[in-house]
Amino acid sequence: MTAVHHIPALPGDFSFDPSTLALLVIDMQRDFLLPGGFGESLGNDVALLRTVIEPLAGLLATARAAGIPVIHTREGHLPDLSDCPPAKLLRGNPSQRIGDPGRFGRILVRGEYGHDIVDELAPLDGEVVIDKPGKGAFYATELSDVLTHRGIRSLLVTGVTTEVCVHTTVREANDRGYECLVVSDCVGSYFPEFQRVGLAMIAAQGGIFGWVADSAAVRAALDSAVSPSPAQ
Ligand code: TIU
């Protein structure tokens, strides 16, 4: 599985070598996806984000079957909140801020039930889980070292939210030289217009931040990378 493969995408085919590809699953945490968590405390309706779970579960299954490494991230803070900047702490509903008790434990605090990943997308033993204090997955984390150590050059990027943690991470990844394909039905926003424009911004200007394709196209390419047709 070392040949170059292609995924039909915007603004053009995304080329990848399966041996240097990873699937990044950003912040699919209960605090963002279930009522009563951080997302809702910021005034959001969590229903739209939940549409991501089913296609992402399918993509996860395909990636795991193809032997593509899966890396999960979780946004959150230490119990003493020493890694949370004051401006972030002060955001949202005053009675429901980071560190306050929520329906699923202290909001966005590591180790709490709400901070963990939804059951449907739970990491398997051996998959990397990166805990990050910011929106980007590279800031103040070991992600760069993990990718370098594994020889990863290309990322399939999924998770929530499209315009916040997904965008920040894709921008950080671009500046570090990674090629990113954002999987359109496996990223979600609380706002339909941000979802549409957030995806358009990735592929605009000839792919200024990367490529965009849906999970059906990605899964087909991963399947054929594992089991090439006899003609290939
Ligand atoms: N508020 C919002 O849209 N997102 C976040 O706060 N974090 C992530 O996107 N993970």
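By class, the shell around the ligand in this predicted model has 5 nonpolar, 1 polar and 3 charged residues. The residues that make up this shell are Asp 27, Phe 32, Leu 42, Glu 75, Lys 135, Val 160, Thr 161, Val 164 and Cys 165. Several of these names return below, so it helps to keep the list at hand.

A good place to begin is Asp 27, one of the residues around the ligand. Asp 27 sits in the loop that joins strand S3 (21–26) to helix H1 (30–33). Because 26 C-beta neighbours fall inside 10 Å, Asp 27 counts as buried. Setting aside residues up to four places away in sequence, Asp 27 touches Phe 32, Thr 73, Arg 74, Glu 75, Gly 159, Val 160 and Cys 165. Asp 27 also shows how the fold brings together parts of the chain: Ile 117 is 90 residues away in sequence, yet the two C-alpha atoms are 7.2 Å apart in space.

The backbone deserves a look as well. Most residues other than glycine have a negative phi, and most peptide bonds are trans. Against that background, Asp 27 has a positive phi, near 55°. Leu 81 is another non-glycine residue with a positive value, its phi being near 60°. Leu 81 is found in the loop between S4 and helix H4 (86–89), and it counts as partly exposed because it has 18 C-beta neighbours inside 10 Å.

Cis peptide bonds also appear in the model. The bond from Val 160 to Thr 161 is cis, with omega near -10°, and both of these residues belong to the ligand shell. Thr 161 lies in the loop between strand S8 (154–160) and H6. The bond from Leu 10 to Pro 11 is cis too, with omega near 5°; Pro 11 is placed in the loop between strand S1 (5–7) and strand S2 (14–16).

Turning to the helices, H6 (residues 162–175) and H7 (residues 192–207) have axes that come within 10 Å and cross at roughly 15°. This angle is why H6 is described as roughly parallel to H7. The crossing of H6 with H7 is right-handed. On the H6 side, Thr 162, Glu 163, His 167 and Val 170 meet Phe 194, Gln 195, Gly 198, Leu 199 and Ile 202 of H7. By class, this contact has 4 nonpolar, 4 polar and 1 charged residues.

A second pair is formed by H3 (residues 53–66) and H8 (residues 215–226), which pack at an angle of about 15° with axes 9 Å apart. H3 is therefore roughly parallel to H8. Their crossing is left-handed. H3 contributes Pro 55, Gly 58, Leu 59, Thr 62, Ala 63 and Ala 66, while H8 contributes Ser 215, Val 218, Arg 219, Leu 222, Asp 223, Ala 225 and Val 226. The contact of H3 with H8 has 8 nonpolar, 3 polar and 2 charged residues.

Just one stop remains on this tour, in the loop between H3 and strand S4 (70–75), where Pro 69 lies. With 17 C-beta neighbours inside 10 Å, Pro 69 counts as partly exposed. Apart from its neighbours within four places in sequence, Pro 69 is in contact with Ala 22 and Arg 150. Pro 69 and Val 212 are 143 residues apart in sequence, and their C-alpha atoms are 20 Å apart in space.

Methods
Residues numbered from 1 in each chain as written. Predicted model: local features only at pLDDT ≥ 70, side-chain atom pairs only at ≥ 80, totals over all residues. Axes fitted to C-alpha atoms, helices over the stretch in contact; angles between N-to-C directions. Helix = DSSP H or I, 4+ residues; strand = E, 2+ residues; numbered from the N terminus. Parallel < 35°, antiparallel > 145°, perpendicular 65-115°, else oblique. Left-handed = near helix turned anticlockwise from the far one by under 90°. Contact = placed C-beta atoms within 7 Å. Nonpolar A, V, L, I, M, F, W, Y, C, P; charged D, E, K, R; others polar. Near = placed C-beta within 6 Å. Buried ≥ 20, exposed ≤ 12 C-beta atoms within 10 Å, placed from the backbone.
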